[in-house]
Structures are given as structure tokens and as C-alpha cells.
Amino acid sequence: VAIRPADVWLFRDGKPFTAGEDHIAESIFPPSPFTLQGAIRTKVLADKGINLFKFARQGNPDPEVGYGDNFGKLRLCGPLLMCRKDGGWERLIPMPADVVEVSDRYELLRPKSDLPFATNLPDGLQLLWAQTGERVAEVKGWLPESEWRRYLQGQAPEQVVASDKLFTFEPRSGIAIEPSKGTTEEAMLYQARFVRLEGGTALWAEINGVSLSEKGLLRFGGEGRAAIYEALQEPLPPLSQFNVARDATRFKVVLITPAWFSGGWQPKDGDWSRFFNGIPVRLVGAAIPRPLLLGGFDVAKGIPKPIRAFVPPGTVCFFEADKPVPFASAFAFTETPEEVRQQNGNANAWAQIGLGTALVGIWQ
């Protein structure tokens, strides 16, 4: 489906915000899979005529969308940004962190073991190095779908799309409302950063397992802002088609949606083989931007959800293996917290709604 705004959107980050104490409510974009699953589940339940207030309080799982961290039959992929190109749609992903800018071109960072100096990296991890003696700079922007295959085959991209071509943040001021009286509260001014999409820009998502009309309206993000969704007449290729590292012994995993790991940026036990059908692999390098804080609000309990630090989209992890690792289907690169697994008995609950979606490429 393509998801477009009816006006502007607000997607708060996970940091607590109280009018009068904090002045600016920060936003993230694109929204996380948590936001998408909440909008889709609400839409499915509303279309069935279910009273959402009673559903939240009673806690009986719906056969299609479940309840709480039990997502039932719902399967999601996305959301990703996409824009119009040659009469169709082209998806974009956050810039992978191993892409750097050198003069007027782009280069790729790679693990390098034969450095002329020592580092304090943990055993087995190598410093990422650009094959150039020139000054390198971080690349801001988005990598378009037309560049994915080239990048995943180990070549530096040639084209990058700037954020201001796709969306802008629009600050707006507000004042807190006293819930019991419906009146404004004195000295409770705040500012929120809304997102305005440029013409020809939308969000892309795959939605499976639930009964959903071909098009309709969604309550999407903060303040219940409206979104218009519509099934694409010509579905875009599945993400797994871009994975070029089939049966590779040296490969990199590129996150395109947030992921959570029990040890912060990695599994607590350091065992990465669980993501690769049990095949032993070695992490030899990683390019990880600053963590993404995600929380939310538990409607049923009436309390904020725990704020967790997620590994952000754009993260790149470099691996080596002694035998080829197959990547034949969509690849989920994330864990699910223990309390969530215990609640619904599903070790892959968060992968089910699109967390940890990744592309897989090779590195030289």
C-alpha cells in the first residue's frame, strides 16, 4: 500500500514530554513499525464495528490482530519512504552508515585488519576504513531503490536523494488543555515538529494476514492525524529480491527498520548464528549511528510503555563465515525482549510487525 497524509503528521520520539516542563516535542521520520501496526490494528477493529475502548480494557485477543504484543495473524513490512519516478514509485532507505563522501564522489567503508596502529576495539572487530587518503565526510540523505543493487554488490552509490526533496519538519506551537475542564492551562506552551511530505512522496508498506479494504483512512501518529492508504495497482518487488549475498562467506547486513538486541547493539551472548539458520558467523565490523529511543503509550493500561534503545536504520554489520550462508527470503535481524516473548510465546513477535527488516549485500 501507499500511505499519504491528509494534512501533516506528528511522530513523537520515545522521550517523555510534558507541556510546561519541556518546550519542544521532537519527531522522528519515517515512523517506526510500532506506529504502523497500531494504525492498521485500529483500522481492522474499527471496520469490524468493535468498540475500541471495551477491547482495550477486556484484553480478549482478536483472531486477526491479537492483543497487546500478541499480533495474531498480522504481518507487516515497512514503513519505508517512496517517491514518484517515471510514472511509478521508487522506495528509499536511510543512508547506510558505511557510505561516506570524498570530494565529489561517494566511497564505502570496509573492515581493515592490517592497520599500522593499534585500536581498543573488542577482539575480532576491525576498524572500518575508506580506501582513500582524502578526507571523508558523513553522508546525509536517502538511498533510492535504483541504487540498492549496486550498493549491495559492493560498489559505492552514484546518487543520493536529499531529505528536503522528500519532506520537511514544520514547527507548530500549542498550549496544554485541562482535560476535566476543556480549557487552556496557563504557562503550558510547547512546540511540536510536524512532518509535511513533499508532492509525489508517500510511505510504502506490505500488510498481510488481515482483512483490509483496498483503500481508506487511518488514524496515524500523534494527535490522531489522518492518513489515506491505497493498495498499489502494481506491487513493488519484494525486498528479498535485492539480497545479492546468496551463499556468501563474506557479507554485510543493512538495517532498513529499527532493531532491538538483548545486549544493546548486539545479542547479549554474542551469538549471531541465530539469525543465520545456526551457521556460525563472525562479526568483523559495524557502522552504527546513535541509538533510536522508542516507547509509546499503553492504551489498555493507561501508562507509557518502557522506553528502549533501538539500533537505528542505516546500521551496517559486516560478517564472515567458514561456509556459505543462504539468504533466500526476507531477512529479520532483531530480537524480541524476554517479557514480550513470555506474554505471547512468540520469539519473533517484533520481527512479525517489521522490526529488524534488512537487506544483505557483499563486501570486498
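Which strands each supply at least two residues of the lining of the second largest pocket? In this predicted model, local features need pLDDT of at least 70 and side-chain atom pairs count only at pLDDT 80 or more, while totals for chains, interfaces and linings use all residues. Residues are numbered from 1 along each chain as its sequence is written, and side-chain values use heavy atoms, with hydrogens and water left out.

The strands in question are strand 3 (75-85), strand 4 (88-94), strand 5 (99-102), strand 8 (137-138), strand 10 (167-178) and strand 17 (292-294); strands are DSSP runs of E of at least two residues, and helices runs of H or I of at least four, numbered from the N terminus. A pocket is an open set of points on a 1 Å grid over the protein atoms alone, with protein on both sides within 12 Å along at least five of seven lines, and its lining residues have an atom within 4 Å of a point. This pocket is lined by 46 residues, with Pro94, Lys140, Pro289, Pro312 and Pro313 nearest its centre.

Turning to the interior, the largest nonpolar core has 44 residues, of which Ile3, Trp9, Phe29, Phe220 and Trp350 touch the most other members. Helix 1 (33-47) gives this core its largest share, 6 residues. Such a core joins buried Ala, Val, Leu, Ile, Met, Phe, Trp, Tyr and Cys residues through side-chain atoms within 4.5 Å, buried meaning under 20% relative accessible area (1.4 Å probe, protein chains only). Beyond four places in sequence, Phe29 is in contact (heavy atoms within 4.5 Å) with residues including Trp9, Trp142 and Leu203. Another core, of 35 residues, lies apart and includes Met95 and Phe318.

Key
On a 1 Å grid over the protein atoms alone, a cavity is a set of points where a 1.4 Å probe fits but cannot get out, and a pocket is an open set with protein on both sides within 12 Å along at least five of seven lines; lining residues have an atom within 4 Å of a point. Buried means under 20% relative accessible area, exposed over 50%, partly exposed in between (1.4 Å probe, protein chains only).
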